[in-house]
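I opened a fresh notebook page for this one. Here is what I looked up, step by step.

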Amino acid sequence: MAAVRTVAFPASLVPELAHHLAEHASAGRTGLVFVGARGGVLRRNNFRRIWLRVLKTTGLGDVHFHDLRHTGNTLAATGGATTRELMHRMGHSSVRAALVYQHLVNGRDHQIADYVDDQIRKVKRPPRGPSGT
C-alpha cells in the first residue's frame, strides 16, 4: 500500500471530489479512492474498461489516466512549485521525477530574466550623458 500523505488540492474540485468519494470510493481514512463495482480492489483490466467508457462519453480522445497526474504536476511546476514541493505532492523521494515536470515549463526563463531585470532597474542609476553628468 502506498504511504498516506496530505496534499492540498484546488478548492474548485471539492464538489467533484466529494461526489466521487461518496459514490465510488471505500469509506475511511485508509479507504481506496478507486474501487471496483462491488467495492473491492479495482483491477487493471476492469479499470481500463471503465476509463475507455469515460473517454468516449467525454470526448477526451486518447488520454491515459496517468496523464491527469502529469497535467496536475506540470501546472504545479508552472505555478512555481519547487523541486522539493513537487516531490512531496507526488510522493517521491528522489528529484528525478520532479525534474521532469520542471523541464516542461516553457517561458519561465523569460519570467526569471524579467524578474532579475526588475531587480536591477530598482538599484541601477540612470545612464550618464556624453559630458559624464
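Before anything else, I reminded myself what handedness means here: a crossing is right-handed if the near helix is turned clockwise from the far one by less than a right angle, and left-handed if anticlockwise.

Entry 1, the overall picture. I noted that this is a predicted model. I counted six helices and zero strands in the protein chain, so to speak an α-α-α-α-α-α run from the N terminus on. I found that 14% of the 133 residues count as buried. I also looked at contacts with a separation of 6 or more, and 32% of them join residues 24 or more positions apart.

Entry 2, a helix pair. I picked α3 (residues 65-78) and α4 (residues 83-90), whose axes lie 10 Å apart at an angle of about 155 degrees. That makes α3 roughly antiparallel to α4, because angles over 145 degrees count that way. With the definition above in hand, I recorded the passage of α3 by α4 as a right-handed crossing.

Entry 3, who touches whom. On the α3 side I listed Arg 69, Asn 73, Ala 76 and Ala 77, and they meet Leu 86, Arg 89 and Met 90 of α4. Sorted by class, this contact has four nonpolar, two charged and one polar residue.

Entry 4, a closer look at α4. Which residues of α4 are buried? I found Leu 86, Met 87 and Met 90. Seen down the axis of α4, these buried residues fall within an arc of 100 degrees, so they line one face of the helix. Just after α4, I came to Gly 91, which takes a positive phi of about 80 degrees.

Note on methods:
Residues are numbered from 1 along each chain as its sequence is written. This is a predicted model: local features need pLDDT of at least 70, side-chain atom pairs count only at pLDDT 80 or more; totals for chains, interfaces and linings use all residues. Side-chain values use heavy atoms; hydrogens and water are left out. Axes are lines fitted to C-alpha atoms, for helices over the stretch in contact, and angles run from 0 to 180 degrees between N-to-C directions. Angles under 35 degrees count as roughly parallel, over 145 as roughly antiparallel, 65 to 115 as roughly perpendicular and the rest as oblique. Contact means heavy atoms within 4.5 Å. Ala, Val, Leu, Ile, Met, Phe, Trp, Tyr, Cys and Pro count as nonpolar, Asp, Glu, Lys and Arg as charged, and the others, Gly among them, as polar. Buried means under 20% relative accessible area, exposed over 50%, partly exposed in between (1.4 Å probe, protein chains only). The arc is that of the directions from the helix axis to the C-beta atoms.
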